[in-house]
Amino acid sequence: MTGPLLDVRGLSVRLPVRGSMRTVLNDVSLAIRPGEALGLVGESGSGKSMTARAIGRLLPRGAETEGTVRFGGRDVGALAGADLRRLRGQVAMIFQDPRAHVNPVRRVGDFMTEALRANQGLSAAEARRRAAGMLAQVGIDDGERRLRQYPHELSGGMLQRVMIAAALLTEPLLLLADEPTTALDVTTQAEVMAILDQLRREFGLAMLFITHDLELAAAICDRTAVMYAGQVVEIRTSALLHDDPLHPYTAALAAARPDITQTRARLRAIPGRPLSAFEAPPGQCAFAPRCPHAADGCREQVPALAELDGGVSRCARATELRGVLEVADA
Amino acid sequence: MPDSNAVLAVAGLGKKFGDFTAVDNVSFTIAPRGSLAIVGESGSGKTTIARMIVGLERPTGGTITACGADRSRPARSRKDRRRRGREVQIVFQDPYTSLDPRQSATETIDEVLRLHHGWPAGRRRDRVTELTELVGLDERQSRALPRALSGGQRQRVAIARALAAEPRILILDESVAALDVSIQAQVLNLLADIREETGVSYLLISHDLAVVRQLADQTVVLRRGQVVERGPTGQVLDDPRHEYTKRLRASVPRPGWKPTRQFFPSRPDHPSHQNQETTSS
Amino acid sequence: MSAAIPLGAGAARRSRPVALLRQTGAAGMASAAVIAAATFAAIFGPLLAPYNPDLPNLSLAWVGPVGGHLLGYDFQGRDVLSRLLAGAISSMAGPLAVVILSMSAGAVLAVASAWRRGATDAVVSSGLDILFAFPGILLAVLAATVFGAGLIAAAIALSVAYMPYVARVLRGSALKERGQPYVAALEVQGASGMSICLRHIVPNMMPLIVAQATIMFGWAMVDLAAISFLGLGVQPPTPNWGVMISENEVGVLQGYPLPAIAAGVCIVAVVIAFNILGERLYERAQAARS
C-alpha cells in the first residue's frame with residue numbers, strides 16, 4: 001500500500017449534551033503510515049480521546065460527524081456488518097483503565113482467546129498456546145498460570161500488559177492506545193512503554209499513542225501531533241518538537257512543565273485554562289486569548305493547518321515565530 | 001539531625017493493618033518555612049503517613065510531634081481537635097470530591113473561620129475575601145458551586161480552605177497530580193508564592209519527581225513503607241545512591257529519553273527487593 | 001476532565017422545588033397534581049363536603065348517583081362524595097406520620113452507624129436485620145392486640161416495621177458521603193462528627209431521602225388502608241378510605257359497587273401518584289450522583 005494506513009481529513013464531531021449539540025472535534029486532520037507511530041498530545045478538552053474513538057467507530061450514540069476517516073483506503077464510517085467486524089480485528093484499542101474494559105467474572109484466558117477462537121477458528125488449546133506465547137512476549141513468564149487467573153488477581157501494570165498482549169493477538173494493523181500508562185506507577189510505566197515500543201516495532205504495527213505527557217509521546221513515537229480545543233495545532237517529528245516547535249501552544253506546554261534537573265523560581269505558566277472545542281471563541285484562533293504571541297490577525301479568523309518544514313502548524317504566525325518560540329529555559 | 005526547632009517531627013512512625021505493614025520505622029523532620037517531599041509509588045505508604053499526621057489514621061508505633069505538641073494519640077477533646085487543625089492542614093488529590101458539592105468557596109471558607117474563631121460576620125467576610133484573593137479566585141468563582149468550577153479552580157478553593165485555619169504545616173497529598181499541565185504550573189507557582197508570603201511549611205506527597213524538584217527542599221524516598229534514601233532534593237535526584245531511587249529517576253520521561261526493558265523479578269526474596277537506606281547528605 | 005460551565009450558564013443555586021418538579025417530566029407533574037389535590041381535600045375536606053358525611057339515613061342506603069349526589073349513597077345512606085372528602089384527612093395523615101417517624105429514625109440510625117463504622121455499624125445492622133423479619137401488618141396486629149385498635153397504634157407499628165428498610169437504603173448513601181475527602185477535610189479542621197453529619201452528610205443525601213419518603217408514602221397508604229380494612233386501624237364511624245372499602249364491601253356483590261370502588265380508586269390514584277413521583281425523584285437523585 002502506498003498511501004497512508006489511516007487518513008483522517010477534516011473530522012468534526014458534535015455530541016448531544018443536555019439537549020443541545022456541542023462540538024468536541026473541529027476539523028481534525030492527521031495521517032499515519034503503515035508501521036509508523038504517531039503521538040497525540042493534549043490537555044483536557046483537547047479532543048484526543050474522542051479522535052481515537054472516532055477512528056475506532058466507538059463514538060457515543062447521537063454523535064454527528066463531518067469529514068472522513070479512511071482506514072486502508074476505505075471509509076470507516078460507511079462500514080457495516082462483516083466489514084465492520086474486520087475493522088475491529090485490524091484496529092485494536094487499549095485504554096487507560098483496563099479494569100473497566102474487561103469482564104471481571106471471566107478468566108484472563110477466556111478473554112484473550114475469545115477472539116481467536118471466534119474469528120480465526122482456532123481450537124481452544126491452540127488459542128491458549130498462542131495467548132501464553134504472547135504473554136511471554138510482554139514479560140509475563142508464567143503465562144499458563146496467568147491465563148487461569150481472574151483480572152482482579154493481577155496488578156494494574158500486569159493487567160495492562162495482558163491487554164497489550166490481547167490486542168496484539170488479533171494481529172492488528174493499527175493500535176490505538178488511549179493513555180495506557182497514565183494510571184500506572186512511573187517505574188511500571190517505563191516498563192510497559194518499553195514493551196509497547198519493542199513489540200510494535202517487531203510486529204510492524206502502526207500506533208496512535210494518546211497522552212497528556214509531551215515527553216512520553218516523543219519517547220516512542222516518530223511524529224507527534226498536538227491538539228488544543230478540538231483541533232490539531234501541530235504535527236512534528238518528535239525529536240524536533242521540543243527544540244523547534246511550530247506552534248506557541250506546544251512551546252508553552254513544554255515550558256510549563258517543571259524540570260526534574262533544576263528548580264526554577266517560578267514556572268512559565270500559561271494564563272487561563274484549556275478550553276474544549278465548544279468553549280473556544282468562534283471565528284478566531286482558539287489559543288489566541290492565552291497566547292503570548294497573539295497578534296490582531298489571530299483574532300480575526302481561524303488559522304488553517306499549513307505545512308512547514310516537514311511538519312504542520314495551525315499558527316498564522318508560524319513562519320515568523322521560528323526560532324522565537326523558546327522551550328528551553330534560560 | 002534532630003531539630004528541636006522543627007515544626008514537624010516524625011520518629012519511628014509505623015502502621016500495620018493486621019499482618020500487613022504499610023509504614024515501617026519512618027522518621028523525618030521539617031524546619032519552619034521548610035518543605036519536605038515524600039516520594040514513592042503506590043504501596044509505598046506515603047499517603048498513610050499523611051493521614052496519620054492529620055489524625056485520620058492512628059499510628060501503631062512511633063511518635064508525631066507538630067508545633068511542639070505530641071499528636072501520636074487521637075485528640076481527646078473537641079478543643080484539642082480544633083487546635084490540631086490550626087497546626088497541620090491538608091489538601092487532597094481529587095478536586096472533584098474534596099469540596100462539599102452544596103457549598104460555594106465563600107461558604108466553605110466561612111465555615112472553617114467560624115470553627116476556629118469567634119469573629120463577627122464582617123471580619124469573617126473580609127478574611128474570606130483575603131483568602132480567595134490569595135489563591136487567585138475572582139468574585140464569581142468564590143460564589144459559584146464546585147460543579148461550575150474547573151479542577152484547578154477547585155484545588156484553589158481547597159487550598160484556601162486549608163489556609164483559613166492558618167496552619168504552620170500544609171500537607172499536599174498529590175495535590176497537583178490530577179491537574180492539566182498548564183494548570184499544574186499555575187498552582188505550583190501559587191504554592192511557592194503562598195509559602196513566601198505566609199511562611200507555612202510544606203509536606204509534599206508525590207510520585208512526580210519534577211514536581212518534587214520544583215517545590216521541595218528536602219526529599220525522602222519511600223519504598224514499601226521504608227525510607228530508602230533521604231537528603232536535599234537536588235542531591236537525591238541528581239546523584240541517587242540507592243538502587244530504587246536510581247530506577248525511579250531513570251523511569252521519568254524527559255527529552256531524549258527512551259524506555260528500556262528491565263528485568264523485574266517477581267520472587268520476593270531477590271536482593272533487589274531489600275531496602276537498605278542510604279543517605280545523600 | 002475540567003469541563004467548567006462558562007460564565008452565566010448557571011451557577012445554579014439550591015434547586016427550587018418548581019424547577020425540581022419540572023425535571024420529573026409530565027408523569028411526575030401529573031402525579032404531583034394528584035397529590036396536591038388529595039392534600040387539599042385532606043385539609044379542607046370537611047368544609048368542601050356538600051352534605052353531612054356522618055349522618056346516617058338508612059332509607060337512602062345504596063341509592064345510586066342522583067340529584068347533587070355525584071357518587072350516590074353508602075350502606076348507611078350517607079353521601080359518598082362527602083365521606084370521601086371528609087375521609088381524606090385520616091387517609092393521608094396516617095401515612096404522613098409513618099413516613100416522618102420511620103424516615104427520621106431510619107436516617108438517624110443510618111448516619112450514626114455510617115459515621116461510627118466498625119463495631120457500631122455491625123451491631124446496628126444486625127439489630128435492624130432482625131427487625132426486618134417482621135412484616136408491617138403483623139406488627140400492626142400485635143399493636144392492636146396490645147394497645148387496642150386505632151390509627152395511632154397502627155401508624156407506630158408500621159413505622160417500626162419500615163424503619164430498618166429506610167436505614168438500609170440510606171446507609172449506603174451515608175457511607176458513600178462519609179468516605180468522601182470533603183468529610184475528611186472537615187475532620188482535619190476539627191469539626192465535630194455531629195456537625196459534619198447534620199450540616200454536610202444529611203444535606204447531600206437529601207435527594208435520596210426525599211425520593212425514598214415519597215415512595216414510602218404510597219406503601220404506607222396501602223398498608224394502613226389494609227389495616228383499617230381489617231378493622232385494626234381507623235375505627236368506624238370515622239370516615240376513612242380503607243374503612244369505606246370494608247364497610248361497603250357487601251354492596252359490591254349485591255350490585256351496588258360504587259361506594260367501595262370510589263374509595264378504592266381514591267387510594268389507588270394517590271398511591272400510584274406517590275409511586276411515580278417518588279421513582280422520578282429517585283432517578284434524578286441517582287443521575288445527580290454520577
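Strand 11 (306-308) of chain A and strand 12 (residues 311-313) of chain A run antiparallel and are joined by 3 bridges. Here helices (H or I, at least four residues) and strands (E, at least two) are DSSP runs, numbered from the N terminus, and two strands count as paired if DSSP finds at least two bridges between them. This is a predicted model, in which local features need pLDDT of at least 70 and side-chain atom pairs count only at pLDDT 80 or more, while totals for chains, interfaces and linings use all residues. Residues are numbered from 1 along each chain as its sequence is written, and chains are lettered from A and ligands numbered from 1 in the order in which they are written.

Back to the strands: A:Glu307 has A:Val312, in strand 12 of chain A, as its bridge partner. Strand 12 and strand 11 of chain A belong to an open sheet of 8 strands with mixed pairing, ordered 6-7-8-3-9-10-12-11. Strand 6 (91-94) and strand 11 of chain A are the edge strands, each pairing on one side only.

Over in chain C, C:Ile209 sits in helix 8. C:Ile209 is buried because 21 other C-beta atoms lie within 10 Å; the cut-off for buried is 20 or more, with 12 or fewer for exposed and partly exposed in between, using C-beta atoms placed from the backbone. Leaving out residues up to four places away in sequence, C:Ile209 touches C:Met103, C:Ala107 and C:Leu170, where contact means C-beta atoms, placed from the backbone, within 7 Å.

Chain C also meets chain B, with 19 residues from chain C and 32 residues from chain B in the contact. Helix 7 of chain C gives the most to the chain C side, with 7 residues.

Technical notes:
Contact = placed C-beta atoms within 7 Å.
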